[in-house]
Amino acid sequence: LFFFAYFEAEPTPSSGIRNVTVLQQEALNGNYTFIDRNNVRKTLNVLDIARQNGFPSTVDPIVKSMLDEIRATESTSGVTFQDDVNFPFRRTMRWTRRSQTNQFYPTTRVDFQATNSIAWHGSWNFRNSRFAGTNGAPYPGEAASQYEWADSSKANVYTASSTLDWTISKNVFNNFVFGVQRNGEFFSPGFDIRQYKQYGDRRLNLPLVTAYIPTNTSDVRNNPVFEIKNNLTWIRGKHTVKMGGSMLNTTFWSRFYGNRAGVLTYNFGIRSDDPINNILDTAIRNENVVTANTTDIDNFKNLYALLTGRINGITGTANVNPATKQFEKFFPQPTNFAFTTAGLFFQDSFRATPNLTVNYGLRWQFDGAIHGTIPIYSTVAPDSVYGPSKGNFQPGVLGGNMDPAFIQNSSPYKRDFKNP
């Protein structure tokens, strides 16, 4: 019996300066400060202009709560500020962020001679990685540290094998191997799709400021591989004959929240056809604002949209739960695929003369189709490819399928058994 074990740890501490743009206190009350074309510092209140023209002019309570959360982080110990000389309504907040990436590498191997003719060998190699995010939580402080998972990741990767060697006779030997590989990966592992509950399960995409709740979403996935091999070696006279087979099965599994699984995203801003757009545009242009670019003009409008909760668009996506085949809120985007391949072989090494060896053999490979393993994948029906028209580049020429449709089909092509 032989046994071997090894463990290695690789901690990697790091620190760096983080910075984020925040609004000046007066901007939170609607005061937009800018530098005009004569290099004169001016202030214009977006809420006053809205009030004078009959538009909403109070700060939205939900937006206020979000801005208050951000404002509270500014008193964190070690935070410094630098005013933006080009856009005085905002400033940069800086702090030192400390993080640590940890990686662990355990491994082991066992060799066991069970009898004079049977030996077993086993090995296991593992890597556990916990990568700190590049940026981490968007803001400093104890309360915001709950979002330190943002853009972090972790991985559990291992390979394991089991080998059985059997000496059947002095000239016949069999080798059987079973192996497995797994690589579980977790991106932004602290993400919770219900973290927007305090906002009515809505993601509020605010302009001018970085979101207090990170925009990162999680992706959990794995790609396991299983393989079995058996090789028989027979030595007879001048021939060394080998024969056997193998089978490999691999799958891919993923649950992705990138589209936020039914949580609608509310984008704040002023549309060009919004009645207040021209009013705000005229007001700031009348104050001799720089017009070589529209940055100040756009910022002025966005400040109003931010404070009053002005929405210019809503987007969202829902996913299908494979178990119910129904769209389901909070359910992640599922992805499941699988592939199997197997093969048989025969080969001979024939030593015809002391100076000549002839090698020949045959292998036959059986390839399955890459296919979905959940019943939600679809493809267009064969007679629906062209739809109503069968006349390419001939508008009005019909004769095709007047009711084209998609069909549920997890396997888009057939298996291939002809690979000698």
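## A tryptophan on strand S6

Trp-120 sits in strand S6. The model is a predicted one. In this model, Trp-120 is partly exposed, because its relative accessible area is 32% and the partly exposed class runs from 20% to 50%.

## The nonpolar patch

Trp-120 belongs to a nonpolar surface patch of about 970 Å². Its partners there include Trp-166, Phe-176, Phe-178 and Met-247. Leu-1, Phe-112, Ile-118, Leu-164, Ile-168 and Ile-228 also help to make the patch.

Which strands each supply at least two residues of the patch? They are S6 (118-131), S7 (153-169) and S8 (172-187). Strand S7 gives the largest share, with three residues.

## Salt bridges

Side chains of opposite charge can pair when their charged atoms come close. How many salt bridges does a search of the whole structure find? The count is 16.

One of them joins Lys-42 to Glu-287. Their closest N and O atoms are 3.9 Å apart. The pair links distant parts of the chain, with the two positions 245 residues apart in numbering. Lys-42 lies in strand S3 (residues 41-45). Glu-287 lies in the loop between helix H3 (275-285) and helix H4 (295-308). Lys-42 counts as partly exposed at 24% relative accessibility, and Glu-287 counts as partly exposed at 28%. Asp-36 joins Lys-42 and Glu-287 in a network of salt bridges.

## Two further pairs

Glu-185 forms a salt bridge with Arg-221. The closest N and O atoms of this pair are 3.1 Å apart. This pair also links distant parts of the chain: Glu-185 is in strand S8, and Arg-221 is in strand S10 (residues 219-222). They are 36 residues apart. Glu-185 is partly exposed, with a relative accessible area of 25%. Arg-221 is partly exposed too, at 28%.

Arg-90 pairs with Asp-84 in another salt bridge. Here the closest N and O atoms are 3.0 Å apart. Arg-90 is partly exposed, with a relative accessible area of 23%.

## The largest pocket

How much space lies in the largest pocket? The volume is about 160 Å³. The pocket is lined by 14 residues. Closest to its centre are Arg-18, Gly-136, Pro-138, Thr-210 and Asn-216.

The lining of this pocket is mixed in character: six residues are nonpolar, six are polar and two are charged.

Technical notes
Residues numbered from 1 in each chain as written. Predicted model: local features only at pLDDT ≥ 70, side-chain atom pairs only at ≥ 80, totals over all residues. Heavy atoms only, no water. 1 Å grid on protein atoms, 1.4 Å probe; cavity = no way out; pocket = protein on both sides within 12 Å on 5 of 7 lines; lining within 4 Å. Points joined across faces, edges and corners; volume = space filled by probe spheres on them. Nonpolar A, V, L, I, M, F, W, Y, C, P; charged D, E, K, R; others polar. Patch = residues over 30% accessible without salt bridge, like charges linked within 9 Å, V, L, I, M, F, W, Y side chains within 5 Å. Areas by Shrake-Rupley, 256 points an atom, 1.4 Å probe, with all protein chains shown as cover. Salt bridge = Lys/Arg side-chain N within 4 Å of Asp/Glu carboxyl O. Helix = DSSP H or I, 4+ residues; strand = E, 2+ residues; numbered from the N terminus. Buried < 20%, exposed > 50% of the residue type's maximum accessible area, 1.4 Å probe, protein only.
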